[in-house]
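User: Could you pick one part of this model and take a close look at it for me? I'd like to know what surrounds it and how the rings around there are arranged.

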Amino acid sequence: MRLINVETDELEEFFGDDIPEYAILSHTWESPGEEVSFDDFVEGKTATREYGAQKLKGFCNQARDDGYTYAWIDTCCIDKRNAVELGEAINSMFQWYKGAAICYVYLSDVLPGDDFRRPESNFISSRWFRRGWTLQELLAPDELSFFDRGWTCIGTKGDMSTEIEAITGIPRQFLLGWENFRTASVAQRMSWAANRKTTRKEDIAYCLLGIFDVTMAMIYGEGDRALIRLQQEIIKHTGDHSVLAWGLDAAESIAETPAQSAGILATTAAEFANCGSIVVKKQDTRPANTFDISSGRLRVQLCLQTFPSGETYGLLDCGPQGTEQVVAIPLHKVVSDVASNEYLRPQGRHPIYFPQPISNSVPKDIQILMERHESSHTKSRRYWFYVDGHKDMDLELSDIHPTVRWEKQRAMIAEVTDSNKTVIHRFLARFRALSSQSQDFIAMLEFQLQGLQAKARCHVMTFPRRTTLDFLSQTLTNMKPEEFERRSATNGVVCVKMTVKEEHLATFVVRLATMPTAEHLEEVALTHSRAHAQTVALAQMGLYVPQAREVKATHALKAAVRGNRSRKAALALLQQYSKTAEGEIIDLQGNQELDKQFKDMTKCNHGYQWTRQRAGWRCLGGAHFLTNEQFDTLNDRLDLKTAANDDELQMEDAVDDGSDTTGL
């Protein structure tokens, strides 16, 4: 190891245990021509590199002032023309930073007087936090101090740990050494490098050697292969399944047909970006090391889960911290033979979270192809949903079904390469009020691609909080097409209007906004069929009677009031069964009159939470549908409207088609 003697300004070489106490510098390189090289230092030409000479002088002065005789800096203490020396230095770099008495971090882009606590500070945006090599330089030293451009100390790693944790995503216990950072999962450590860059592609792997305590040969020019080799070295030394957890939270796309191998290892550190909370969840019955690489295949023992759709996932021994979930990676059998244990990880499919298997689950010994298959298909076009406006209404997007297709901010709903392909997807999204215990808004989103024409539409409704989206998905499978146009709903606290529009290329924006209750009721009457308008208008009469500004609205209201006597009976029935538990079935025992009243009840207020089945009427979600005050108001309004409009309603009788709208 070469060190600079700050008293003599000469390089001295040391070996083994004879290395003296030294200060070390962490910094970001400017252009190569501005840094002092090994040759410049040896030949006494440091002054020819003005910027680099000033940095070097400031570093040596700081070391001398702090009482250190020796100092190390990567620009001029390594002969980079010597490939053997360079490889040895890269493999030793972590230990050199670990062994330093103190590490100085020189931030050339942080101006004197900068307040690192301000969100807009130069410290927070410094490129030092985005470079690959500086990750190990942050974690390895026990003592680390930050300096601005003028060599004024900003603070220490301990003083600034809160800000550094927020910038880097590295938990404080690892930053400060309370816990050995190598106890973090492989995926979590990889996530710390996900947003970092290196000048040469291979260096994103080489700069992580110390983080994973492995060594490997330097082969510049190998590109992405360097990271593959790094992961293979990691696999040799650990049984941590999280090395396979890359790709989490990526948008789900349609897999290649036939299935193409994505390879079992990540090609970039960025593929671990969403693994910051992944921890090892070891099964006690599992062998200590379940990995083996041979003949282009990774042999591993995994519990397998196959869904009714035929999709298979392998359950890893890792998952989000603080949950009972594990990461499940997609798998596809290479051949259909039942006895075959050879799989590939298919392109276009991504890991999901799955409930942690019970302790006595028996893993299967499988082999997974290592190499990625290059697809000959043209680039796919992707289509997205993006949800907006709900936060302004104090609503939280709390649940999605199916979850495997959604990211936190958007959803990829399709990826299509064949222009003749027809794609249809439906999703359910739950929006929950944060400031009240009111019912949830449930949005059904439908996407359809036919030829080159893409369109999307939405339907919004309300359901009790305890009603699961999985249950609704099964129940609403056969929802009538004409019902799929309800753009507004109210939970009794706020009235929500929902629209969906392709605002950007291949991106459909689902926008939520508040709307007056009156406008909501008129929109309901205008956009539904006459039979359905009858059900909805009656449901809301206790709250509002729209003005006859539109012929269709007036017509729908008249139809809604028609059949007053049966409606009053339905209201009474609704009140009687308002506390029915979710899933309970009311057996009418052949009572046709009661059956008719139930049909009428589905046309009242939240009556769509009942559905007709062979065994009787099933409650989709128990709730206190009507308060006593609402019930009395509805009865009074019906009586008044009947007396005032009896003649008009008689004229409308011929229009009534008697449709049985028992759906939504």
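Analyst: Here is a walk through one strand and its neighbours, followed by some ring pairs and turns elsewhere.

First, the ground rules. This is a predicted model, in which local features need pLDDT of at least 70 and side-chain atom pairs count only at pLDDT 80 or more, while totals for chains, interfaces and linings use all residues. Numbering starts from 1 along each chain as its sequence is written, and side-chain values use heavy atoms, leaving out hydrogens and water.

Now a bit of context. The protein chain has 18 helices and 28 strands; these are DSSP runs (helices H or I, at least four residues; strands E, at least two), numbered from the N terminus. Of its 664 residues, 50% are buried. Buried means under 20% relative accessible area, exposed means over 50%, and partly exposed is in between (1.4 Å probe, protein chains only).

The part to zoom in on is strand 5, residues 102-106. Five of its five residues are buried. In a regular strand the side chains alternate between the two faces of the sheet. Here, Ile102, Tyr104 and Tyr106 point one way, with Cys103 and Val105 pointing the other.

Strand 5 has partners to look at, where two strands pair if DSSP finds at least two bridges between them. Strand 3 (residues 22-26) runs parallel to strand 5, joined by four bridges; Ala23 has Ile102 as its bridge partner. Strand 6 (residues 144-147) also pairs with strand 5 in the parallel sense, over four bridges, and there Tyr106 stands opposite Phe147. Getting from strand 5 to strand 6 involves helix 4 (residues 134-139), and the three make a right-handed β-α-β unit. Right-handed means that, with the strands pointing away from the viewer, the path from the first strand over the helix to the second runs clockwise.

Then there's helix 2 (residues 50-65). Its 16 residues reach 22 Å from first C-alpha to last, close to the 22 Å expected at 1.5 Å a residue; the expected span is 1.5 Å times one less than the number of residues. An α-helix has 3.6 residues a turn, so residues three or four places apart point the same way. Among the buried residues of helix 2 are Gly52, Lys55, Leu56, Phe59 and Ala63. Strand 5 is part of what covers the buried residues of this helix, along with others including strand 1 (2-5), strand 3 and strand 6; contact here means heavy atoms within 4.5 Å. After helix 2 comes Gly67, with a positive phi near 90 degrees.

The rings bring these pieces together. Phe59, Tyr104, Tyr106, Phe147 and Trp151 form one aromatic cluster. Rings of Phe, Tyr and Trp (its six-membered ring) pair if their centres lie within 6.5 Å; planes under 30 degrees apart count as stacked, over 60 as edge-to-face and the rest as tilted. Trp151 deserves a second look: its phi is positive, about 60 degrees, although it is not a glycine. Trp151 sits in the loop between strand 6 and strand 7 (153-156), and at 15% relative accessibility it counts as buried.

Away from strand 5, there are other ring pairs to compare. The count comes to 18 aromatic pairs by this rule. Take Tyr206 and Tyr220: their ring centres are 5.3 Å apart and their planes stand at 90 degrees, so this pair is edge-to-face. Tyr206 lies in helix 8 (residues 203-206) and Tyr220 in the loop between helix 9 (209-212) and helix 10 (225-237), so the pair ties together parts 14 residues apart in sequence. Tyr206 is buried at 0% relative accessible area, whereas Tyr220 is partly exposed at 28%. Phe307 and Phe354 are another edge-to-face pair, at 5.8 Å centre to centre with 75 degrees between the planes. Phe307 is in the loop between strand 10 (297-306) and strand 11 (312-315) and Phe354 in strand 15 (residues 352-355), 47 residues apart. Phe307 counts as partly exposed at 25% relative accessibility, and Phe354 as buried at 17%.

One last backbone item to set beside Trp151: Asp394 isn't a glycine either, and has a positive phi of about 60 degrees. Asp394 lies in the loop between strand 17 (381-388) and strand 18 (395-401), and its 33% relative accessibility makes it partly exposed.
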